[in-house]
Amino acid sequence: MTGTGTVSTGGRRHGRHGLLRMAGALVAAAAITAGAATVAVGQGDPIAERKALFKQMGAALREPGKMLKGEATFDLAAVKAALETVATSSAKLPALFPDGSDTGDTAALAKAWEDRADFNARFVNLSKDARAALASVTDAESFRTVMPKLLGQCGACHKIYRKPS
Ligand code: HEC
């Protein structure tokens, strides 16, 4: 912390301004990042919005997927970041399958609306399990135990509710 005495020199004063400017820039950058993280949610196109969230989850899980296969070294921080993305994104997904969004540029099957309770519960469970994994994954070993079950939830739902590509 700079004491009041050090502010009297011109150089210091300049330095403090520089710091303030930098802090401002950081806040602005953080705001932009936060905006980008929410992608298009809330802009009235649920099909595009849900696809963006699915893509985000897929992208976040790419590295952990490689770690599981032994193609990348285990990185706890990266795994936790991915789990956070899955927990947050999947919690938003039930709201992005409103009535009427079963037609158009979508691979979702009509069954998603017919078996709504089961469909929604899968997102809720995925979010809950990703949150739990944030606590239970502490090293490579627990990662290998917990992660495959979590990833299995993606494929299990796709098998029932998504058109095969
Ligand atoms: C409760 C069911 C469900 C779960 C759980 C689920 N998905 Fe999906 N996913 C879908 C449906 C339905 C679609 C098709 C969405 C559409 O086209 O409107 C989809 C589409 C996708 C897509 C393609 C998006 C695009 O651009 O068209 C990706 C990637 C994806 N999911 C990844 C994942 C990953 C990764 C997980 C697990 C972390 C996951 N999904 C979990 C139901 C699910």
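Which residues does Leu-83 touch, not counting those up to four places away in sequence? In this predicted model, Leu-83 reaches Ala-130, Ala-133 and Leu-134. That little cluster is a handy way into the fold.

Let's step back to the whole chain. The protein is built from seven helices and has zero strands, so to speak an α-α-α-α-α-α-α run when you read from the N terminus on. Of its 165 residues, 17% count as buried. Look at contacts between residues at least 6 apart in sequence, and 64% of them turn out to join residues at least 24 apart.

Now for the inside. In soluble globular proteins, nonpolar side chains tend to be buried together. Here the largest nonpolar core has 21 residues, and Leu-83 is back again: along with Ala-82 and Val-86, Leu-83 is among those with the most contacts inside this core. Helix 2 (46–60), helix 4 (76–92), helix 6 (116–136) and helix 7 (140–161) each put in at least two core residues. Helix 6 gives the most, with five.

Then there's the ligand. It has 23 residues around it, and the closest are Phe-54, Thr-106, Arg-122, Cys-154 and Cys-157. Helix 2, helix 6 and helix 7 each supply at least two residues of this shell, and these three helices also feed the core. This time helix 2 provides the largest share, seven residues. As for the chemistry around the ligand, sorting the shell by class gives 14 nonpolar, four polar and five charged residues.

Key
Residues are numbered from 1 along each chain as its sequence is written. This is a predicted model: local features need pLDDT of at least 70, side-chain atom pairs count only at pLDDT 80 or more; totals for chains, interfaces and linings use all residues. A nonpolar core is a set of buried Ala, Val, Leu, Ile, Met, Phe, Trp, Tyr and Cys residues joined through C-beta atoms within 7 Å. A residue is buried if 20 or more other C-beta atoms lie within 10 Å of its own, exposed if 12 or fewer, and partly exposed in between; C-beta atoms are placed from the backbone. Helices (H or I, at least four residues) and strands (E, at least two) are DSSP runs, numbered from the N terminus. Two residues are in contact if their C-beta atoms, placed from the backbone, lie within 7 Å. A residue is near a molecule or strand if its C-beta atom, placed from the backbone, lies within 6 Å of it. Ala, Val, Leu, Ile, Met, Phe, Trp, Tyr, Cys and Pro count as nonpolar, Asp, Glu, Lys and Arg as charged, and the others, Gly among them, as polar.
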